[in-house]
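Visitor: I've got a bit of time before my next spin finishes. Could you walk me through this one?

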Amino acid sequence: MDRFTPVAVCVTLALDIGFNSILEPKQSHISIVILLTCLQVAMPLCTLVFLFVLFMRTRLLQLGNFRDLYKRFRSLFIISPLHMAFLLAVRAYRIEALARDTPWPLTWDLRGFLEVYVVHKLIMVLFYFVCYHTLLGLGDPDLYFERKSTAAD
C-alpha cells in the first residue's frame, strides 16, 4: 500500500497530460466541453490530494512542522494555485466562446485568450516538473520516522 500513492500520482499526471494536452474538441456540444473541463480540473486536484497523502506520511507533517514542509516543497505550493487559476481561465474562455457560438479558429482572436493560453501551457509544464520533483523529494529517508524492525535478532 505504501507504493500505491506515488504510482497514483504518476497515473493522474499522465491522465492530466492526456486531458489537457491531447483532448481539445474543435466542434462539439457545450455539454461535452463542460464535462471535459470537469475532468481537466479534477486531474490536477487528484494529483494534489495524492501528494497531500504522501505529505501526511512525513515526519514534518506528523509533527506539525508546516514551515519546514513549505520551505522544502515551496515550488509546489506556489505553482499549484497558478496552474489551477490559468486552467480555469482557459476553460472559461473556451466555454464562453462555445456559448456564443464562436467557431474554434475565431477563439484565438478573443481578447487576451492567446496570452492566457500560452502562459497556462508554460505553467502546466512547470506544474508537471514540480510534481515529479516533489515525488523525488519525498523519497528522502530523512523525511520519515525510522521504522523498527519486526524481525527478532
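Guide: What follows is a run of questions and answers about this predicted model.

Visitor: Let's start with the overall build. How many helices and strands does the chain have?
Guide: Reading along the sequence, you get the pattern α-α-α-α-α-α-α. Put as a count, the secondary structure comes to 7 helices and 0 strands.

Visitor: And what percentage of the residues in the chain is buried?
Guide: Buried here means under 20% relative accessible area. The chain has 153 residues, and the buried share of them is 37%.

Visitor: What share of the contacts with a separation of 6 or more comes from residues 24 or more positions apart?
Guide: Take the contacts in the chain with a separation of 6 or more, then pick out the pairs 24 or more positions apart. Their share is 76%.

Visitor: On to packing. Is helix 2 roughly parallel or roughly antiparallel to helix 7?
Guide: Helix 2 covers residues 30-56 and helix 7 covers residues 113-137, with their axes 11 Å apart and an angle of about 20 degrees. Angles under 35 degrees count as roughly parallel. So helix 2 and helix 7 are roughly parallel.

Visitor: Which residues of helix 7 does helix 2 meet there?
Guide: The crossing of these two, helix 2 and helix 7, is left-handed. By class, their contact has 8 nonpolar, 2 polar and no charged residues. Helix 2 brings Pro44, Thr47, Leu48, Leu51, Leu54 and Phe55, and the helix 7 residues they meet are Phe127, Cys131, Thr134 and Leu135.

Visitor: What about helix 2 and helix 5: roughly parallel or roughly antiparallel?
Guide: Helix 5 spans residues 74-99, and its axis is 9 Å from that of helix 2, at an angle of about 170 degrees. The cut-off for roughly antiparallel is over 145. That angle therefore makes helix 2 and helix 5 roughly antiparallel.

Visitor: How many charged residues are in the contact of helix 2 with helix 5?
Guide: On the helix 2 side, the residues include Gln40, Pro44 and Phe55, and on the helix 5 side they include His83, Arg91 and Arg94. The contact has 17 nonpolar and 4 polar residues, and the number of charged ones is 2.

Visitor: How is the crossing of helix 5 and helix 7 handed, left or right?
Guide: The axes of helix 5 and helix 7 come within 8 Å and cross at roughly 145 degrees. As for its hand, the crossing of helix 5 and helix 7 is left-handed.

Visitor: And how many residues in the contact of helix 5 with helix 7 are nonpolar?
Guide: Among the contact residues are Phe86, Leu87 and Tyr93 of helix 5, and Phe113, Val116 and Phe127 of helix 7. The contact has 5 polar and no charged residues, while the nonpolar ones number 18.

Visitor: Tyr93 came up just now. Which residue has its backbone oxygen 2.8 Å from a polar atom of the Tyr93 side chain?
Guide: Tyr93 sits in helix 5. Not counting residues up to four places away, Tyr93 touches Leu110, Arg111, Gly112, Phe113 and Val116. The backbone oxygen at 2.8 Å from the side chain belongs to Arg111.

Visitor: Now Asp16 in helix 1. Is it buried or exposed?
Guide: Helix 1 runs over residues 4-22 and holds Asp16. Beyond its sequence neighbours within four places, Asp16 contacts Ser21, Gln40, Met43, Pro44, His83, Phe127 and Tyr128. Its relative accessible area is 0%, so Asp16 is buried.

Visitor: Thr47 and Thr58 next. Thr58 contacts which residues beyond its neighbours within four places?
Guide: Thr47 lies in helix 2, and at 0% relative accessibility Thr47 counts as buried. Thr58 is in the loop between helix 2 and helix 3, and Thr58 is buried with a relative accessible area of 0% too. The contacts of Thr58 are Leu69, Leu138, Leu143 and Tyr144.

Visitor: Last one: what is phi of Asp101?
Guide: Asp101 is in the loop between helix 5 and helix 6, and at 69% relative accessibility it counts as exposed. Most residues other than glycine have a negative phi. Asp101 has a positive one, near 60 degrees.

Definitions and conventions: Residues are numbered from 1 along each chain as its sequence is written. This is a predicted model: local features need pLDDT of at least 70, side-chain atom pairs count only at pLDDT 80 or more; totals for chains, interfaces and linings use all residues. Side-chain values use heavy atoms; hydrogens and water are left out. Axes are lines fitted to C-alpha atoms, for helices over the stretch in contact, and angles run from 0 to 180 degrees between N-to-C directions. Helices (H or I, at least four residues) and strands (E, at least two) are DSSP runs, numbered from the N terminus. Angles under 35 degrees count as roughly parallel, over 145 as roughly antiparallel, 65 to 115 as roughly perpendicular and the rest as oblique. A crossing is left-handed if the near helix is turned anticlockwise from the far one by less than a right angle, and right-handed if clockwise. Contact means heavy atoms within 4.5 Å. Ala, Val, Leu, Ile, Met, Phe, Trp, Tyr, Cys and Pro count as nonpolar, Asp, Glu, Lys and Arg as charged, and the others, Gly among them, as polar. A polar contact is a pair of N or O atoms within 3.5 Å; within protein, one must be able to donate a hydrogen and the other to accept it, and residues adjacent in sequence count only if both atoms are side-chain atoms. Buried means under 20% relative accessible area, exposed over 50%, partly exposed in between (1.4 Å probe, protein chains only).
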